[in-house]
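Student: Hey, can we go through the hollows in this protein together? I'd like to start with the pockets.

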Amino acid sequence: MVYPHDGLPLDEARAPTERNGAAPLLPAARNGGERGRRTGAGVQSTEAGADPLAIEHPTLAAVVAERLRQLITDGTLVPGVWLNERDLCERLRVSRTPLREAYRLLASDGLVVLLPKRGAQVVELSADDIANLFEVLAVMEGLAGKLAAERASDAELEHIADLHRQMLQAYAARDIKRYFEASMGTHVAISAAAHNPALAETYRRLNMRVQNLRYKSNVEPDEWSAATADHEAFVAALLARDADTTERLMREHALEKRDFALREARRREQ
């Protein structure tokens, strides 16, 4: 599958900067985190007591659904498009049964709508939808950052720092797909490090609905540079275990993504 944004004509690779000056160097993660001291040793280990006979194996429908999620995220399947069942079966090399099961999985994620006798259509969010979703996501991302600064183990913070370094490398190479994977990986890792399962699951489901909007914002060079600088700032605050600053910066970052998505949506609705 050819992705539409390869080879972006972006400016020369450069180190990202903050809007008002040079981006701060990332400090080493500070020791601490009461929750981290209790759980940190288990970050890299498998779950104790797992049944050795258990088979971790995704269904074909789940694999197909994940592939379609990727195509929706990167804009190959654009909002509002009807999914052609015959074409997708041929291109994905699957039968109709797993494809239709995948449609149902995507519908439960809010990525497609299913209509009788018409099939599946990629959801197109209105300006109001975007404003409402990001309003909640901004609060959740801020809270996740604050809790992670307070609760994350040192190993979890190092993992987040490593994902951030991968993101910066991808930005320097102007590799948008690798950048987005590391960027979203950073957000997911911060959410997990907050050690609040209800927050992590709710965030995952809501954030899934705006992945294509977040991806698209990085196609614009200025937006991409600003987002990278945002990451530099809030990851630095997180590694320093500055909970209040991390919360504020992550909330502002989400609201900036909202503002870009709203401009695009209102332009489309005119």
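**Pockets and cavities**

Tutor: Sure. In this predicted model, α2 (60-73), α7, α8 (197-208) and α9 (211-217) each give at least two residues to the lining of the largest pocket.

Student: Which helix gives the largest share of that lining?

Tutor: That's α7, with 8 residues.

Student: And how much space lies in the largest pocket?

Tutor: About 660 Å³. The pocket is lined by 21 residues, and the closest to its centre are Glu66, Thr73, Phe180, Met184 and Gln211.

Student: How does the lining of the largest pocket split by class?

Tutor: You get 9 nonpolar, 5 polar and 7 charged residues.

Student: OK, what about the second largest pocket, how much space is there?

Tutor: About 370 Å³. Its lining has 23 residues, with Pro79, Asn212, Leu213, Lys216 and Arg268 nearest the centre.

Student: Which helix supplies the largest share there?

Tutor: α11 does, with 5 residues. α2 and α9 are also among the elements that each supply at least two.

Student: Switching topic: how many cavities of 30 Å³ or more are there?

Tutor: The count is 3. The largest cavity has a volume of about 50 Å³.

Student: Which residues line the largest cavity?

Tutor: Among them are Tyr179, Phe180, Ser183, Met184 and His187, along with Arg214, His231 and Lys257. The elements giving two or more residues to that lining are α7 (176-193), α10 (221-239) and α11 (243-269).

Student: And by class?

Tutor: The lining of the largest cavity has 4 nonpolar, 5 polar and 2 charged residues.

Terms used: Residues are numbered from 1 along each chain as its sequence is written. This is a predicted model: local features need pLDDT of at least 70, side-chain atom pairs count only at pLDDT 80 or more; totals for chains, interfaces and linings use all residues. Side-chain values use heavy atoms; hydrogens and water are left out. On a 1 Å grid over the protein atoms alone, a cavity is a set of points where a 1.4 Å probe fits but cannot get out, and a pocket is an open set with protein on both sides within 12 Å along at least five of seven lines; lining residues have an atom within 4 Å of a point. Grid points are joined across faces, edges and corners, and a volume is the space filled by probe spheres set on the points. Helices (H or I, at least four residues) and strands (E, at least two) are DSSP runs, numbered from the N terminus. Ala, Val, Leu, Ile, Met, Phe, Trp, Tyr, Cys and Pro count as nonpolar, Asp, Glu, Lys and Arg as charged, and the others, Gly among them, as polar.
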